[in-house]
Amino acid sequence: MKLVYTGKTKNVFEMENGNYLLKFKDDVTGKDGKFDPGENQIGLTIEGVGDFNLRMTDYFFGKINEAGIRTHFVKANFEDTTMEVKPAKVFGHGLEVICRLKAVGSFIKRYGEYIEAGTDLPYYVETTFKNDALGDPLVTKDGLVVLGVMTEEQYDDLRDMTQKITKIVADDMKEKGLDLYDIKFEFGYDADGKVMLIDEIASGNMRVYKDGEYVEPLELNKLFFAE
């Protein structure tokens, strides 16, 4: 297989069948030796993290595919911590989509004069460009269309899919006694221009609380997979 991309937490290989193979790493983002999902640099290596991330991704992508929502997921291989995916193009140079159920984090920093921290949000969707140097700037639907990143129809599909996927994750967390506050996704599109969920769904991409207390991503892994 040909290595086509070396990422912070995953490497991407091109397969002979036209699909791609994602190799999950134990590297995590952080600073000064401390794990921080919000950081844009590798901070440390934690044994087993890649396996946890793959298992959670496999679990949720399976549910999402069953719900009839398009994803790039084909299958996972836990023995070598890899996931086979269908080809997909990213929007622009990479787009992150956040769905918020509670007013916390960067949302409350921006809009705190209008809303109290912890207020319920109605599956609020926002999009940001993946650009470390610019601090992942927010971009509106109109901006995405004007810049030629996507069509109005693609944005509407993306927003609808984001809300449906978030509900799947939130409902599952609720069954485990956990509350999803917000979650981050990545989307791309196939050869026909149809929007699809790509990348992963892992503990480092979501903010989860239990009994009103924030659950660290590594602790969330343990709680989520507890028998």
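# A predicted fold: sheet, core, helix face and rings

In β5, K34 serves as the bridge partner of K31. This residue pair offers a point of entry into the structure, which is a predicted model. K31 belongs to strand β4, which spans residues 27–31 and pairs with β5 in the antiparallel sense over 2 bridges. Strand β4 also runs antiparallel to β6, to which it is joined by 3 bridges. Within that second pairing, T29 has I42 of β6 as its bridge partner. The outcome is an open sheet of 3 strands, ordered β5-β4-β6, with antiparallel pairing. Its edge strands are β5 (34–35) and β6 (42–45), each of which pairs on one side only. In general, the strands of a sheet pair through backbone hydrogen bonds, in either a parallel or an antiparallel arrangement.

From the sheet, attention may turn to the interior. The largest nonpolar core comprises 44 residues, and those that touch the most other members are I165, F187, I201 and M206. Helix α4, covering residues 152–175, gives the most to this core, with 8 residues. F187 illustrates how such a residue is surrounded. Setting aside residues up to four places away in sequence, F187 touches V90, F91, L95 and V97. Its contacts also include L158, M161, T162 and I165, together with V195, M196, L197 and I198.

T162 leads on to another residue, Y123, which is found in strand β11. The C-alpha atoms of Y123 and T162 are separated by 8.7 Å, although the two residues are 39 residues apart along the chain. Beyond its neighbours within four places in sequence, Y123 is in contact with C99, R100 and L101, and also with Q163, T166, K167 and A170. Y123 counts as partly exposed because its relative accessibility is 25%, which lies between the limits of 20% for buried and 50% for exposed.

Helix α5, at residues 217–224, shows how burial can be distributed around an axis. Its buried residues are P217, L220, N221 and F224. Viewed down the axis of α5, these buried residues fall within an arc of 105 degrees, so they line one face of the helix. The underlying principle is that an α-helix has 3.6 residues a turn, so residues three or four places apart point the same way. The elements that cover the buried residues of α5 include β5, one of the edge strands described above. Also among them are α1 (49–66), α4, β15 (206–210) and β16 (213–215).

F224 also takes part in aromatic contacts. Ring pairs link F224 with F52, Y59, F60 and F225 into a cluster. In addition, K176 lies over the face of F224, at 4.5 Å from the ring centre. A further charge-over-ring arrangement involves K102, whose charged end sits over the ring of Y181, 5.8 Å from its centre.

The count of aromatic pairs comes to 12. In one of them, the rings of F61 and F73 have their centres 5.8 Å apart and their planes at 40 degrees, so the pair is tilted. This pair links distant parts of the chain, with F61 in helix α1 and F73 in strand β7 (residues 73–77), 12 residues apart. Both F61 and F73 are buried. F107 and Y124 form an edge-to-face pair, at 5.1 Å centre to centre and with 75 degrees between the planes. This pair, too, links distant parts of the chain: F107 lies in helix α2 (residues 106–111) and Y124 in strand β11 (residues 120–129), 17 residues apart. F107 counts as buried because its relative accessibility is 6%, whereas Y124, with a relative accessible area of 31%, is partly exposed.

Finally, two loop residues deserve inspection for their backbone geometry. As a rule, most residues other than glycine have a negative phi. T81, however, has a positive phi near 55 degrees without being a glycine, and it is found in the loop between β7 and β8 (82–85). D211 likewise has a positive phi, of about 55 degrees, although it is not a glycine. The place of D211 is in the loop between β15 and β16, two strands that are among the elements covering the buried residues of α5. As to accessibility, T81 is buried, with a relative accessible area of 15%, while D211 counts as exposed at 69% relative accessibility.

Note on methods
Residues numbered from 1 in each chain as written. Predicted model: local features only at pLDDT ≥ 70, side-chain atom pairs only at ≥ 80, totals over all residues. Heavy atoms only, no water. Core = buried A, V, L, I, M, F, W, Y, C linked by side-chain atoms within 4.5 Å. Buried < 20%, exposed > 50% of the residue type's maximum accessible area, 1.4 Å probe, protein only. Helix = DSSP H or I, 4+ residues; strand = E, 2+ residues; numbered from the N terminus. Contact = heavy atoms within 4.5 Å. Pairing = 2+ DSSP bridges. Arc of directions from axis to C-beta. Phe/Tyr/Trp six-rings, centres within 6.5 Å; stacked < 30°, edge-to-face > 60°. Lys NZ or Arg CZ within 6 Å of the ring centre and 35° of its normal.
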